[in-house]
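Dear colleague,

I am passing on the structure below, and after it I set out what was found on going through it. Please read the notes beside the coordinates.

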Amino acid sequence: MTEAKREVIKTTCPRDCYDACGMVAVFDDGKLRRLLGDPDHHIARGSLCGKCAIVYNGVWRDPDARLSQPLRRTGRKGEGKFQPISWDEALAEIADKIRPLMADGPARQVVHAHYTGTVGLIAGWYPLRFFQHIGATEIDPDTVCNKAGHTALELVFGDSLEGFDPETAKDAKTILVWGANPSHTAPHMHKNWLRETPAKIIAIDPIGHRTATERADVHLKLRPGTDAALAFGLLHVALTKGLLDRDFIDANVIGFESLLPAIEAADPATTEALTGVPSALIEEVAIAYATGPSLLWMGQGMQRTARGGNAFRALGALVGLTGNLAKPGAGFCYMNGPGSRNIDMDVVVPPQLDAGCASVSHMDLAATLADADGTRVFCTWNCNPVASSPDQAALRAALAREDLFTVVCDLFETDTAAYADIVLPAASFLEFDDLVAPYFYQTLSAQVKVQDAPGEALPNQEIFRRLARALGLTEPLLFEEDRPLLDRLVAMTGFAGGFQALSRVGTAQLYSEPRLQFADLTFATPSGKIELASEAAVAQGLPLVPEPHADAAPTADKLRILSPASIWQMNASYANDAGILKNLGQNAVILHPDEAHRRALEDGDRVVLSNAAGSLTLGVSVSDIAQPGFGIVYKGRWPAHETAGANVNILHAGRKSDIAEATSVHSMEVAITKLPEAAE
Ligand SMILES: Nc1nc2c(c(=O)[nH]1)N[C@H]1C(S)=C(S)[C@@H](COP(=O)(O)OP(=O)(O)OC[C@H]3O[C@@H](n4cnc5c(=O)[nH]c(N)nc54)[C@H](O)[C@@H]3O)O[C@H]1N2
Ligand SMILES: Nc1nc2c(c(=O)[nH]1)N[C@H]1C(S)=C(S)[C@@H](COP(=O)(O)OP(=O)(O)OC[C@H]3O[C@@H](n4cnc5c(=O)[nH]c(N)nc54)[C@H](O)[C@@H]3O)O[C@H]1N2
Ligand code: SF4
Ligand SMILES: [Mo]
């Protein structure tokens, strides 16, 4: 028997995921057979997550499922009927629509949205060169995800993109996982990092997810939207037990005195009443965290609430007043930005290109697109707003505007693409080189081409280089090639040998020792200290100090809906893969047994969730991972694949959080009505 010649290429998963798995593409006799987790990669350890193991060997590599040539609309908007056209025709048509809007300065009536298709440093950001140069309006991507948290941490610490180094977990006594669900969203951190740390693990989450039940020593199953009250309750215990770090506070913190009355008032009984967390657990967790050294993982889920910004400032107080910073085993992590590896993203998106762009919150996307004077051209790349953004019904109505010229650049014919005048086929991360700067570990990884793109599909950056050319633009920075840029970015990190050397190892460990967060105790706040009392916050119309706020429970007839990440999807991606659809089953609202009983509902019943924004018909699933008073509907279904023709975002009216005009998607309330059997 002759043995097939087996080869592997190392690459990296560039999805918006904490793990940034190293991958291997396995070839037999020159043919790509399978994509697997890289056995040598410190996170993947030979396995991809369940969802990517399916889609990277499924729909993402199925040339028939992928977009492979530019398309022009032939049917009604939303109908999804197209005919193939050439790149030259497609780009010329788009250029003809944009050119007149550039005549009088910034082309603000060109609106673009982008986000998490790939977070590769080039394919995720380079196209901003084009949009900034023409002065387009950007739908601020972070407003649909994590902007309240970023802005709150900037107010307190001056920076939200410097987190703890996960390598320091070996020195931690306690780890708080607060409002994140690693068992879904950081599967290898759940599987390995949280299992291998000697620290006591505390999960703080309204949902009894697998990290809370399988990894945590203690689970504080608080009511949604009561995090700030809980943080003050923890600080109260730390204060009374003498566990606040007075020296650290004196040297580094502004505003302790202003917070003191609220901390003194937040005794365990009061906090239990506000949050639903038993006072004995409040005491246990407060002592463990304040004694330290402790790590605080600040999930993105918990700030997607109406007072999410305030909650993040309150968590900042917990860090600052207990001195859990700048020492081994201590710190907080929202995310680690490229800067933690000395990567200057101005190299990818040079600020001098900005011709006066405007920015709009995702919460205002539907209204912005409905404005016939304000928006003439809409372009999406790397995102699927019909599935991901709020106000789904209003968004569809706006996208149906005949005088709105819409361009959608994606791998697949998404629900958003169905509204496009022109669809542009994008190459996937398997089809070109790029860099990934993971946002948990402070490493650097190479994304390496393992196959040709289907048909005429092109990487995002090349698409916008060609569009710039079709518009006759001459600014040289709009045409810079990838390779020198990749080498420059690698060089900034101190890794020798450029992209080629990196691609041989896959992932570079850039630091030999765990890094201390804010090691020099300087903060980019106006005072240079940790600002619990913040005049900058007041200037934004916010309270001077965070407040011990707790959302009221929904009234008896209403239900609060949390719509966090599904284990089988990456945001709204992957719901077009047969294997994923099978695992997802029918869409359902998960209710606690007491809630189901109270409403005379059982597993498998059909219900309608409704509010002023819209209504959604789906099944009932009964599980004690929920709590009475709220239901769980995982995000990300493709409306076109649902019998309801919608997903959970039909219920989100786009209400803004308290800070940064960001999403409050986990705060929405609905009425719930049982459908008679066989009705629909
Ligand atoms: N109800 C609810 N809604 C939410 C959230 C929630 O918690 N609840 N979470 C929000 C969050 S955190 C986020 S980040 C957003 C995410 O929202 P989106 O960024 O819209 O997420 P996806 O739907 O995955 O869209 C990514 C799209 O990019 C495409 N794509 C992949 N690679 C490429 C590429 O290389 N080039 C191009 N052009 N396209 C590519 C994919 O096919 C996919 O259609 O959703 C938000 N929506
Ligand atoms: N499998 C998978 N992985 C993903 C994604 C995905 O869609 N699927 N999306 C990626 C993206 S873009 C992001 S931003 C991250 C997000 O990852 P996470 O930060 O984990 O965010 P979510 O899944 O929205 O929510 C996490 C938790 O927040 C909790 N939560 C909701 N409201 C509250 C509250 O009021 N208080 C507290 N304490 N907790 C609350 C929810 O119960 C949920 O368990 O995941 C990334 N990874
Ligand atoms: S989505 Fe996350 S867990 Fe899954 S393969 Fe990619 S990096 Fe790994
Ligand atoms: Mo996100």
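Before the helix and strand packing, a word on terms: axes are lines fitted to C-alpha atoms, for helices over the stretch in contact, and angles run from 0 to 180 degrees between N-to-C directions. Helices (H or I, at least four residues) and strands (E, at least two) are DSSP runs, numbered from the N terminus, and contact means heavy atoms within 4.5 Å. With that in place, helix H17 (residues 460–470) lies across strand S15 (377–381), strand S16 (405–410) and strand S17 (422–425), and runs at about 150° to S15.

Please keep in mind that this is a predicted model, in which local features need pLDDT of at least 70 and side-chain atom pairs count only at pLDDT 80 or more, while totals for chains, interfaces and linings use all residues. Residues are numbered from 1 along each chain as its sequence is written, chains are lettered from A and ligands numbered from 1 in the order in which they are written, and side-chain values use heavy atoms, with hydrogens and water left out.

The sheet

The strands crossed by H17 belong to an open sheet of eight strands with mixed pairing, in the order S5-S4-S17-S16-S15-S6-S7-S14, where two strands pair if DSSP finds at least two bridges between them. Strand S5 (82–84) and strand S14 (358–361) stand at its edges with a single partner strand each, so one side of each has no neighbour in the sheet. On average, and with direction ignored, neighbouring strands of this sheet are turned by 20° against each other. At the S14 edge, strand S7 (residues 137–140) runs parallel to S14 and is joined to it by four bridges, and Ile139 has Val360 in S14 as its bridge partner.

Elsewhere, strand S2 (residues 22–28) and strand S3 (residues 31–37) run antiparallel and are joined by six bridges, with Phe27 standing opposite Leu32 in S3. These two strands form a hairpin with two residues between them, and Asp29 in the turn has a positive phi of about 50°.

Two covered helices

Here buried means under 20% relative accessible area, exposed over 50%, and partly exposed in between (1.4 Å probe, protein chains only). Eight of the eleven residues of H17 are buried, so this helix is largely enclosed by the rest of the structure; Ile463, Phe464 and Leu467 are among them. The buried residues of H17 pack against H2, H3, S15, S16, S17 and H18, and H17 is followed by Gly472, whose phi is positive, near 75°.

Helix H3 (residues 127–134) is likewise mostly covered, with seven of its eight residues buried, including Phe130, Phe131 and Ile134. What covers them includes helix H2 (87–98), strand S6 (110–114), S7, S15, H17 and helix H18 (482–492). Just after H3, Gly135 takes a positive phi of about 75°.

Helices around H12

Two packed helices are described by the angle between their axes and the distance between the axes. Helix H11 (residues 268–275) packs on helix H12 (residues 279–291) at an angle of about 110°, with the axes 8 Å apart, and the two are therefore roughly perpendicular (angles under 35 degrees count as roughly parallel, over 145 as roughly antiparallel, 65 to 115 as roughly perpendicular and the rest as oblique). Pro268, Ala269, Thr271 and Glu272 in H11 meet Ser279, Ile282 and Glu283 in H12.

The axes of helix H8 (residues 227–240) and H12 come within 8 Å and cross at roughly 70°, which makes this pair roughly perpendicular as well. Among the residues that make the contact are Leu230, Leu234 and Val237 of H8 and Ile282, Val285 and Ile287 of H12.

Backbone and a buried loop residue

Most residues other than glycine have a negative phi, and most peptide bonds are trans. The peptide bond from Gly292 to Pro293 is cis, with omega near -5°, and Pro293 is in the loop between H12 and strand S12 (294–298). Ala600 has a positive phi of about 55° although it is not a glycine, and this residue is exposed, with a relative accessible area of 56%.

By contrast, Thr525, in the loop between strand S20 (507–508) and strand S21 (530–531), is buried, with a relative accessible area of 8%. Leaving aside neighbours within four places in sequence, Thr525 is in contact with Glu154, Leu155, Val156, Phe157, Gly158 and Glu531.

With best regards
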